[in-house]
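The following exercises concern strand pairing, helix packing, the nonpolar core and aromatic pairs. Each task is followed by a solution in steps.

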Amino acid sequence: MSLLRNDPPPLFRPPAEAESVIVRVAFGCPHPACAFCGMYRSGPYRPRDAADVSAEIRAAAREQPGARRVFLADGDALRLGFDRLAAVLGELAAAFPALARVNSYANGSSILALGREGLASLRARRLDTLYMGLESGDPAVLRRMGKAETVDGMVEAGRLAREAGLKMSVIVLLGLGGPDGSAAHARATAEALNRMQPRLLSALRVIPVPGTPLARWEEEGAFRRLSEFEAVRELRDLAAALTLEGTVFRANHVSNVLPVEARFPRDRAVLLASLDALLDSGRLDATRPAPRPPWL
Ligand code: SF4
């Protein structure tokens, strides 16, 4: 299916933003090159016309005048820069009197470009949670996957945002290093997360999306998904190496072999014991990847 010239590209938002008012301030992702990612493939990143954004905010305010949460789409609203973001946050505050928080996807380089003062100033205007895809703390994995960000850059961005009072919600991808790179991927990812100390952490299992380079690599035998057993073992390796001081950890996406939700450090020992019991149970398939979710 091709998109007609004036069709808006498909919209994506984190599951946690299901109840939020969605305002599109840009289309696409600035670096739509990650081999595993099937989002934002219908065109380059482009800021949306300010008048269109204002009209969308006014229309949303008429429909949901009491809204408290707004999500700024698409892939990296922070790329718009301080002045434009401050203007949008000002319009939102005027349109939604009960507005409590504005959230967005953000790439590490966009966070860094705003600097500590810029981030703190946006926080004061009710910017609240930034969703950032770390994917892996292993630089070799990120390079292979074509991710434009560096591990150190994303760690620094996460720390800067946290110091500015923003919440970081970080996403990592189980299985991105394949079976051979699993242990290194888990170890390096835990190290990066320990340096960053995000408030929220989500671990998703990587599933090659049809049409992406990763799906092609899998067909060609150049990438192999983890078996059920390997995926749970990698999750266990990751959790065992985490020294998070106040993080809500979720691996309850439909892609995961089993749903996990825990608070670190409180639930760490219980989580590790339950993962160990599952690994010892003989119930996990060690020969094949877990089945694809039905939506793929
Ligand atoms: S994973 Fe993020 S940065 Fe990479 S292509 Fe997808 S939206 Fe863009």
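**Exercise 1.** In which sense do strand 7 and strand 8 pair, and over how many bridges?

The model is a predicted one: local features require pLDDT of at least 70 and side-chain atom pairs pLDDT 80 or more, whereas totals for chains, interfaces and linings use all residues. Residues are numbered from 1 along each chain as its sequence is written, and side-chain values use heavy atoms, without hydrogens and water.

Step 1. Helices (H or I, at least four residues) and strands (E, at least two) are DSSP runs numbered from the N terminus, and two strands pair if DSSP finds at least two bridges between them.

Step 2. Strand 7 (residues 167-174) pairs with strand 8 in the parallel sense, over six bridges. Within this pairing, Ser 169 has Leu 200 of strand 8 as its bridge partner.

Step 3. Strand 8 also runs parallel to strand 9 (residues 247-251), to which three bridges join it. Here Ser 202 stands opposite Arg 250.

**Exercise 2.** Identify the covered and the uncovered face of strand 8.

Step 1. In a regular strand, side chains alternate between the two faces of the sheet.

Step 2. In strand 8 (residues 200-205), the covered face consists of Leu 201, Ala 203 and Arg 205. The uncovered face holds Leu 200, Ser 202 and Leu 204.

**Exercise 3.** Describe helix 6 by its connection, its span and its packing.

Step 1. Helix 6 (residues 182-196) forms a right-handed β-α-β unit with strand 7 and strand 8; right-handed means that, with the strands pointing away from the viewer, the path from the first strand over the helix to the second runs clockwise.

Step 2. The expected span is 1.5 Å times one less than the number of residues. For the 15 residues of helix 6 this gives 21 Å, which agrees with the 21 Å between its end C-alpha atoms.

Step 3. Buried denotes under 20% relative accessible area, exposed over 50% and partly exposed in between, with a 1.4 Å probe and protein chains only. Among the buried residues of helix 6 are His 185, Ala 188, Leu 193 and Met 196. The buried residues pack against strand 6 (127-135), helix 5, strand 7, strand 8 and helix 8 (228-241).

Step 4. Just after helix 6, Gln 197 adopts a positive phi of about 50 degrees.

**Exercise 4.** Why does Phe 96 count as buried, and what does it touch?

Step 1. Phe 96 lies in the loop between helix 2 (82-95) and strand 5 (101-105). Because its relative accessibility is 0%, Phe 96 counts as buried.

Step 2. Excluding residues up to four places away in sequence, Phe 96 has contacts (heavy atoms within 4.5 Å) that include Val 21, Ile 57, Pro 65 and Val 70.

Step 3. The C-alpha atoms of Phe 96 and Gly 66 are 6.4 Å apart, although 30 residues separate the two along the chain.

**Exercise 5.** Which type of aromatic pair do Phe 71 and Tyr 131 form?

Step 1. Rings of Phe, Tyr and Trp (its six-membered ring) pair if their centres lie within 6.5 Å; planes under 30 degrees apart count as stacked, over 60 as edge-to-face and the rest as tilted.

Step 2. The whole structure contains five aromatic pairs. Phe 71 and Tyr 131 are edge-to-face, at 6.1 Å centre to centre and 70 degrees between the planes. This pair links strand 4 (residues 69-73) to strand 6, with the two residues 60 apart.

Step 3. Phe 71 is buried at 0% relative accessibility, and Tyr 131 is buried at 9%.

Step 4. Phe 71, Tyr 105 and Tyr 131 form one aromatic cluster.
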